[in-house]
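Thanks for coming, everyone. I would like to walk through one model with you today, so please have the sequence and the coordinates open while I talk.

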Amino acid sequence: MDTFDKVKWYVLYTKPRHEKFVESEFLKRGVDAFTPKITLRRRWSDRIKEVEEPLFKGYCFAKFPLKDKRNIVSLPGVVDIVNFSKKYVPVEDSVIRSLKIMIDNDLKMDPCPYIAKGDFVSIRKGPFKGLEGYVIEKRNKNTTLVVSIDAIAAAVKCVIDMDFVDLVY
């Protein structure tokens with residue numbers, strides 16, 4: 001079977017605030033779709049209300065063969081399939097399964113920036129607020145950060161809590 005014919009999970013870009021709509025449209029058509037949602041407490045001037053919002057704004061997961069690409073992107077609310085230079089990267093079943101388990105068990109989840117080894121980051125809080133450097137290692141909740149001083153060809157490294165780190169674009 002050609003990879004073009006294999007049914008895999010892909011990430012779809014959606015129109016703003018259309019994630020749940022896209023998910024329901026796919027499910028109506030018999031296509032497996034999933035939009036991870038979290039419940040947030042929103043405060044208005046006269047009340048506090050719990051609302052359900054997508055965990056990843058602007059995205060919906062759907063399971064289909066790439067040969068159906070034209071039909072998929074023509075559905076209402078879908079902008080495109082996430083791709084990198086027209087290379088469509090499938091999402092592993094284990095990732096979708098993990099997200100579903102976390103949601104089914106009401107785990108507290110917050111989206112956070114994807115920070116990888118080699119990324120340039122800035123510390124946003126704590127005693128090192130304002131410090132900038134490169135991530136050279138990630139371990140559980142900690143990251144090893146290197147601050148390079150080009151003028152003297154030297155560098156120092158320290159371990160920082162990942163909750164304090166923001167990706168610098």
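**Strands, salt bridges and a pocket**

Let me begin with a pair of residues: lysine 37 has proline 54, in β4, as its bridge partner. Before I go further, please keep in mind that this is a predicted model, and that local features are taken up here where the pLDDT is at least 70. The pair I just named belongs to the contact between β3 and β4, which run antiparallel and are paired over seven bridges, and the two strands are joined by a hairpin of four residues.

Staying with these two strands, which side chains meet in a salt bridge at 3.3 Å, N to O? They are those of arginine 42 and glutamate 53. Arginine 42 sits in strand β3, residues 37-43, and glutamate 53 sits in strand β4, residues 48-54, so this salt bridge ties together parts that lie eleven residues apart in sequence. As for accessibility, arginine 42 is partly exposed, at a relative accessible area of 33%, whereas glutamate 53, at 13%, is buried.

A further salt bridge is formed by the side chains of arginine 47 and aspartate 46, with an N to O distance of 3.0 Å. Here arginine 47 has a relative accessibility of 42% and counts as partly exposed, while aspartate 46, at 60%, counts as exposed. Salt bridges with shared partners also link Glu25, Lys28 and Arg29 into one network.

Let me take one pair from that network in more detail. Lysine 28 and glutamate 25 form a salt bridge in which the closest N and O atoms are 3.2 Å apart. Why are these two separated by about one helical turn? Because they are three residues apart in helix α1, which covers residues 19-28. The general background is that an α-helix has 3.6 residues a turn, so residues three or four places apart point the same way. The two partners nevertheless fall into separate accessibility classes, since lysine 28 counts as exposed at 63% relative accessibility, and glutamate 25 is buried at a relative accessible area of 10%. The total by the rule used here is seven salt bridges, and I have described some of them.

Now to the pairing around β1. Strands β1 and β5 pair in the antiparallel sense over seven bridges, and within that pairing lysine 8 stands opposite phenylalanine 64 in β5. Strand β1 also runs antiparallel to strand β6, residues 78-81, to which three bridges join it, and there threonine 14 stands opposite valine 78 in β6.

That brings me to the second largest pocket, whose volume is about 290 Å³. Which elements each supply at least two residues of its lining? They are β1, residues 7-14, β5, residues 59-65, and α3. The lining includes Val11, Tyr13, Tyr59, Phe61, Val95 and Leu99, and Phe56, Lys57, Val82, Phe84 and Val91 also belong to it. By class, the lining has ten nonpolar residues, no polar ones and one charged residue.

Helix α3 itself spans residues 93-104, which makes twelve residues, and the distance from its first C-alpha to its last is 16 Å, close to the 16 Å expected at 1.5 Å a residue. After α3 comes aspartate 106, whose phi is positive, near 50°.

This leads to my last topic, the backbone angles. As a general matter, most residues other than glycine have a negative phi. Against that background, arginine 17, which is not a glycine, has a positive phi of about 60°. Arginine 17 is placed in the loop between β1 and α1, and with a relative accessible area of 73% arginine 17 is exposed. Lysine 86 also has a positive phi, near 65°, in a residue other than glycine. Where is lysine 86 placed? Its place is in the loop between β7, residues 83-84, and β8, residues 87-88, and lysine 86 is exposed as well, with a relative accessible area of 59%.

If you look at one thing again after this talk, I would suggest the β3 and β4 hairpin, where the antiparallel pairing over seven bridges goes together with the salt bridge between arginine 42 and glutamate 53. I am happy to take questions.

Technical notes
Residues are numbered from 1 along each chain as its sequence is written. This is a predicted model: local features need pLDDT of at least 70, side-chain atom pairs count only at pLDDT 80 or more; totals for chains, interfaces and linings use all residues. Side-chain values use heavy atoms; hydrogens and water are left out. The expected span of a helix is 1.5 Å times one less than its number of residues. On a 1 Å grid over the protein atoms alone, a cavity is a set of points where a 1.4 Å probe fits but cannot get out, and a pocket is an open set with protein on both sides within 12 Å along at least five of seven lines; lining residues have an atom within 4 Å of a point. Grid points are joined across faces, edges and corners, and a volume is the space filled by probe spheres set on the points. Ala, Val, Leu, Ile, Met, Phe, Trp, Tyr, Cys and Pro count as nonpolar, Asp, Glu, Lys and Arg as charged, and the others, Gly among them, as polar. A salt bridge is a side-chain nitrogen of Lys or Arg within 4 Å of a carboxyl oxygen of Asp or Glu. Buried means under 20% relative accessible area, exposed over 50%, partly exposed in between (1.4 Å probe, protein chains only). Two strands pair if DSSP finds at least two bridges between them.
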